[in-house]
Amino acid sequence: MMNLTLKIWRQKNASDKGQIVDYPLSGVSPDMSFLEMLDVLNQELIEKGEQPVAFDHDCREGICGTCSLYINGRAHGPETKITACQLHMRSFKDGDTIYIEPWRAEAFPVVKDLIVDRTSFDRIQQAGGFISVNTSGNTQDANAIPIEKENADKAFDAATCIGCGACVASCKNSSAMLFVSAKVSQFALLPQGQVEATDRVLNMVKQMDEEGFGNCTNTGACEVECPKGISLENIARMNREYLSASLKG
Ligand code: SF4
Ligand code: FES
């Protein structure tokens, strides 16, 4: 069992200044997940009549992208290619001090404690992250359209982005380019995505800029910290798509 000191960002609401608060926690099993460890802390806080720490979570298996925690200065914690909910306490040592903070970016305002508002990502998706299919009864089976294996694989890789926002949180400019480029690429590589390709990239990039995300300066922190291993290659593809759409527009 481990004894830890947790230093957790507490912020009552969006307008509260917020501060780091220390919480000693004992009896932590190395087999607990990071979120289970926070559950134990919250149970203790509730029993003492204190406010539990608010944090986002849903699937707890690396799919939904909601568990946005900055742990010891890294998005999703010290391990690579996993989300915070897939992190286990065996990645830490007895006696460790662990800093737990929310994503920090202007376009992700803090709602409460460790929860941030990521609806800016939803609005980018709504601007073009979809295809329109005629479902009037004569819809063509998608599997009837031949697609090169390499493109199918790259489209699938791009589609594994879970919209967690770790790329934004790790970027010194709070750029959303990795996220947006994954969402553009998953369609740009497939024939089904071609109909709306021009509008898609122009509208999604426009929305990204309006939401207040920063510019990409090719540092690459996003790719390193992305739990799904989304490649920087997608940003290059989105830039090509954007250039060719601008010339057509
Ligand atoms: S690109 Fe990676 S880090 Fe960014 S939102 Fe998608 S899964 Fe998360
Ligand atoms: S809780 Fe769903 S990805 Fe972590």
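The following paragraphs describe a predicted model of a protein with a bound ligand, from the overall fold to the ligand shell.

Taken as a whole, the protein contains eight helices and seven strands. Its C-alpha trace extends over about 60 × 35 × 35 Å along the principal axes. Of the 249 residues in the protein, 37% are buried. Contacts reach well along the chain: among those between residues at least 6 apart in sequence, 70% link residues at least 24 apart.

A convenient place to begin with the strands is an open sheet. Five strands make up this sheet, arranged in the order β2-β1-β5-β3-β4 with mixed pairing. Because β2 (19-28) and β4 (74-75) lie at the edges and each has a single partner strand, one side of each has no neighbour in the sheet. Further in, β3 (residues 70-71) and β5 (residues 97-101) run antiparallel to each other and are joined by two bridges. Within this part of the sheet, I71 has I100 of β5 as its bridge partner.

Attention now turns to the ligand. The shell around ligand 1 consists of 14 residues, and the closest are C161, C164, A166, C167 and C226. Two helices, α4 (166-170) and α5 (177-188), are the elements that each supply two or more residues to this shell. Helix α5 provides the largest share, with three residues. In chemical character, the residues around ligand 1 comprise 11 nonpolar, two polar and one charged.

Note on methods:
Residues are numbered from 1 along each chain as its sequence is written. Chains are lettered from A and ligands numbered from 1 in the order in which they are written. This is a predicted model: local features need pLDDT of at least 70, side-chain atom pairs count only at pLDDT 80 or more; totals for chains, interfaces and linings use all residues. A residue is near a molecule or strand if its C-beta atom, placed from the backbone, lies within 6 Å of it. Helices (H or I, at least four residues) and strands (E, at least two) are DSSP runs, numbered from the N terminus. Ala, Val, Leu, Ile, Met, Phe, Trp, Tyr, Cys and Pro count as nonpolar, Asp, Glu, Lys and Arg as charged, and the others, Gly among them, as polar. A residue is buried if 20 or more other C-beta atoms lie within 10 Å of its own, exposed if 12 or fewer, and partly exposed in between; C-beta atoms are placed from the backbone. Two residues are in contact if their C-beta atoms, placed from the backbone, lie within 7 Å. Two strands pair if DSSP finds at least two bridges between them.
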